[in-house]
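Subject: Structure handover and notes

Dear colleague,

Here is the structure you asked for, with the sequence alongside. My notes follow below; please read them with the model open.

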Amino acid sequence: MSTHRIGLVVPSSNVTVETEMPAILQEHADAEFSFHSTRMRMHTVSPEGLAAMNAQRERCVLEIADASPEVILYACLVAIMVGGPGEHQRVESAVAEQLATGGSEARIRSSAGALVEGLRALDAKRVALVMPYMKPLAKQVVEYLEAEGFEVADWRALEVADNNEVGCIPGERVMEAARSLNLTGLDALVLSCCVQMPSLSLVQPAEDEFGLPVLSAATAGAYSILHSLGLPVAIDGAGSLLRMDAKVASA
């Protein structure tokens, strides 16, 4: 069984991605993972707070590179999407250049880029979103995904600005928001368009309830990590995105 070292760059107030990502990947049948984090100061999910957090990126990349990870996930979706269309490509390229200059061969992924990657892997074109953000930020997420070619048919913003509180949003509140969406004709539902809003335990039940592919920023991040490492994407109980290779094997 292979062993892989994963680096996470996370907001200082994030407590969810370091719980959900290991929980997902520990179910992999062919590999083991260790997780190593560096933190960017951020409490309030606002344009100003996100800009101040992003200014810490170079320091955090330097720190996490010292742990020699194989893959680094820049784990704050909205912090990248507020930069405008295509920002995940620019950020990932800048970080890759920084890593290469420092002698690191780590692959770089972002939560924003992973969500785009995951939706395309599902061949999803018409989607709906549940987000914790205030409405102005939520609209920027919608516009970002539309610029990537997706039709956002419906969305809900729970309007929680304090990132600590985002990590405590009850699952039932997330599901209530999902049930209020118009799901007609959708190709996929993004149940948590944020790595801090807990949703892992909801993804498979929601997929079973709604009868369509359901993913989250966390499951998309796990998909992207596995895909970048060339590992089979075949994990049960976390939505159809993470069973992509299992489907191929059984076809």
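Contact here means heavy atoms within 4.5 Å. By that rule, and leaving aside neighbours within four places in sequence, cysteine 194 is in contact with Pro132, Tyr133, Val166 and Ala217. Please keep in mind that this is a predicted model.

Active site

In an unreviewed entry, UniProt gives the annotation "active site" to Cys76 and Cys194. The two span 119 residues in sequence, yet their C-alpha atoms are no more than 7.2 Å apart, so they gather at one spot.

Cysteine 76 sits in the loop between β3 (71-74) and α4. Its relative accessible area is 7%, so cysteine 76 is buried, the cut-off for buried being under 20%. Cysteine 194 is placed in another part of the chain, in the loop between β7 (188-192) and α10 (200-210). With a relative accessible area of 8%, cysteine 194 is buried too.

Binding site

The unreviewed UniProt entry also has a "binding site" annotation, listing Asn14, Cys76, Leu77, Val78, Tyr133, Asn163, Val195 and Gln196. These residues are spread over 183 residues of sequence but cluster in space, with a largest C-alpha distance of 14.3 Å. Cys76 therefore appears under both annotations, "binding site" and "active site".

I looked at two further members of the list. Valine 78 belongs to helix α4, which covers residues 77-81. Is valine 78 buried or exposed? At 2% relative accessibility, valine 78 counts as buried. Tyrosine 133 lies in the loop that runs between β5 (126-131) and α7 (135-147). Tyrosine 133 has a relative accessible area of 2% and is buried as well. Tyr133 is also one of the residues in contact with cysteine 194, which ties a residue of the "binding site" list to a residue of the "active site" annotation.

Helix α10 and what follows

The loop holding cysteine 194 leads to α10. Buried residues of α10 are Leu200, Leu202, Val203, Gln204, Ala206, Glu207 and Phe210. They pack against α1, α9 (171-179), β7, β8 (214-216) and α11. Just after α10, glycine 211 takes a positive phi of about 70 degrees.

Helices α1 and α11

Two of the partners of α10, namely α1 and α11, also meet each other. The axes of helix α1 (residues 17-25) and helix α11 (residues 217-229) come within 10 Å and cross at roughly 50 degrees. That angle makes α1 oblique to α11. The crossing is right-handed.

Which residues make the contact? From α1 there are Glu20, Met21, Ile24 and Leu25, and from α11 there are Ala218, Thr219, Gly221, Ala222, Ile225 and Leu226. By class, the residues of this contact divide into seven nonpolar, two polar and one charged.

Alanine 96

One item stands apart from the annotated sites above. Alanine 96 is found in helix α5, residues 87-101. Its relative accessibility is 31%, so alanine 96 counts as partly exposed. Alanine 96 and arginine 109 are 13 residues apart along the chain, and their C-alpha atoms are separated by 9.4 Å.

Regards

Definitions and conventions:
Residues numbered from 1 in each chain as written. Predicted model: local features only at pLDDT ≥ 70, side-chain atom pairs only at ≥ 80, totals over all residues. Heavy atoms only, no water. UniProt positions renumbered as here; feature names shortened; annotations may be inferred. Helix = DSSP H or I, 4+ residues; strand = E, 2+ residues; numbered from the N terminus. Buried < 20%, exposed > 50% of the residue type's maximum accessible area, 1.4 Å probe, protein only. Axes fitted to C-alpha atoms, helices over the stretch in contact; angles between N-to-C directions. Parallel < 35°, antiparallel > 145°, perpendicular 65-115°, else oblique. Left-handed = near helix turned anticlockwise from the far one by under 90°. Nonpolar A, V, L, I, M, F, W, Y, C, P; charged D, E, K, R; others polar.
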